[in-house]
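Student: I'd like to learn how to read a structure like this one. Could you walk me through it, feature by feature?

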Amino acid sequence: MHSLSEQTNTPIIVTQNLGKSVPTSEGPLHILASVDLSINRAESIAIVGESGSGKTTLLSLLAGLDTPSTGSVSIAGRDITRMDEDGRALLRNALIGFVFQSFQLLPGLTALENVMLPLELSGDANAEDAARGLLQRVGLAQRLAHTPKQLSGGEQQRVALARAFVTQPAILFADEPTGNLDSKTGAHIIDLLFELNQEKQTTLVLVTHDATLAARCGRMIKLDAGSVV
């Protein structure tokens, strides 16, 4: 699924003058202002900063989950700010994977079914084999038939990682991927994230409060009150 941007050292994400404001009774509240970024293919980036500095907003804008008030975001050479929601959804399905702090697994599905789902939605006949392979890769071969409530937090996050990587996304966005885990489990998840990232040559963009996790990334982007410092 990487066909849109196979060359390394070519930017896969570019923002220009990116800003986000929301109206309040006191006047506009500026969450992000004039963010100019260029992120290369296969690069790993940590977005860091205090709570309220705009990290999750920036991630949402980069992934096309939210629309900016000013500026533009291009993914693999395509300006997503000019697309409608359907266009952005198609691009996300083709190029992007997500890992959230809250796992976001479907409670009625088994681990295997949760990982198969994105492939089934795109009509991939090989969904089960691919999902089994990745669950084995993250150490959950014995847990395929378990539903989320039968799994520990660390196991649920491993299912979420397998689901994110199963579509072979060109870009993986992770928002506090270890936020709900104890430090030992979190360390395992971090190792796994970077191993899969290297293997698949995925561009990794993650928001984290965790200094150890941020230090593992190739580059850090620090936000302070909505601006890159």
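Tutor: Gladly! Let's begin with two strands: strand 1 and strand 2 pair in the antiparallel sense, over 10 bridges. Within that pairing, Pro23 stands opposite Pro28 of strand 2. Keep in mind that this is a predicted model.

Student: What holds the strands of a sheet together?

Tutor: In general, strands of a sheet pair through backbone hydrogen bonds, and the pairing is either parallel or antiparallel. Here, an open sheet of four strands runs in the order 2-1-4-5, with antiparallel pairing. Strand 2 and strand 5 stand at the edges with a single partner strand each, so one side of each has no neighbour in the sheet.

Student: Which residue in strand 1 has a positive phi although it is not a glycine?

Tutor: That is Asn17, whose phi is about 50 degrees. Asn17 lies in strand 1, residues 11-24, and is partly exposed, with a relative accessible area of 41%. Ala42 also has a positive phi without being a glycine, about 70 degrees; look for Ala42 in the loop between strand 2 and strand 3.

Student: Now helices. How do I read which side of a helix faces inward?

Tutor: Start with the general idea: an α-helix has 3.6 residues a turn, so residues three or four places apart point the same way. Now take helix 2, residues 85-95, where Gly87, Arg88, Leu91, Arg92 and Leu95 are buried. These residues cover an arc of only 135 degrees around the axis, which puts them on the same side of helix 2.

Student: Are Asp86, Leu90 and Asn93 of helix 2 buried or exposed?

Tutor: Asp86, Leu90 and Asn93 are exposed, on the other side of helix 2.

Student: And what do the buried residues of helix 2 pack against?

Tutor: They pack against strand 4 (70-75), strand 5 (78-79), strand 6 (96-100) and strand 7 (171-175).

Student: Let's finish with the nonpolar cores. Which residues of the largest one touch the most other members?

Tutor: Leu135, Val159 and Leu206 do, in a core of 39 residues. Several elements supply at least two residues each, including strand 3, helix 3, helix 4 and helix 6. Helix 5 gives the largest share, seven residues. To see the packing for yourself, try Val159: beyond its neighbours within four places in sequence, Val159 is in contact with Leu105, Ala111, Asn114, Val115, Leu135, Leu140 and Leu151. A second, separate core has 29 residues, among them Ile45, Leu62, Ile75 and Ile171.

Technical notes. Residues are numbered from 1 along each chain as its sequence is written. This is a predicted model: local features need pLDDT of at least 70, side-chain atom pairs count only at pLDDT 80 or more; totals for chains, interfaces and linings use all residues. Side-chain values use heavy atoms; hydrogens and water are left out. Buried means under 20% relative accessible area, exposed over 50%, partly exposed in between (1.4 Å probe, protein chains only). The arc is that of the directions from the helix axis to the C-beta atoms. Contact means heavy atoms within 4.5 Å. A nonpolar core is a set of buried Ala, Val, Leu, Ile, Met, Phe, Trp, Tyr and Cys residues joined through side-chain atoms within 4.5 Å. Two strands pair if DSSP finds at least two bridges between them.
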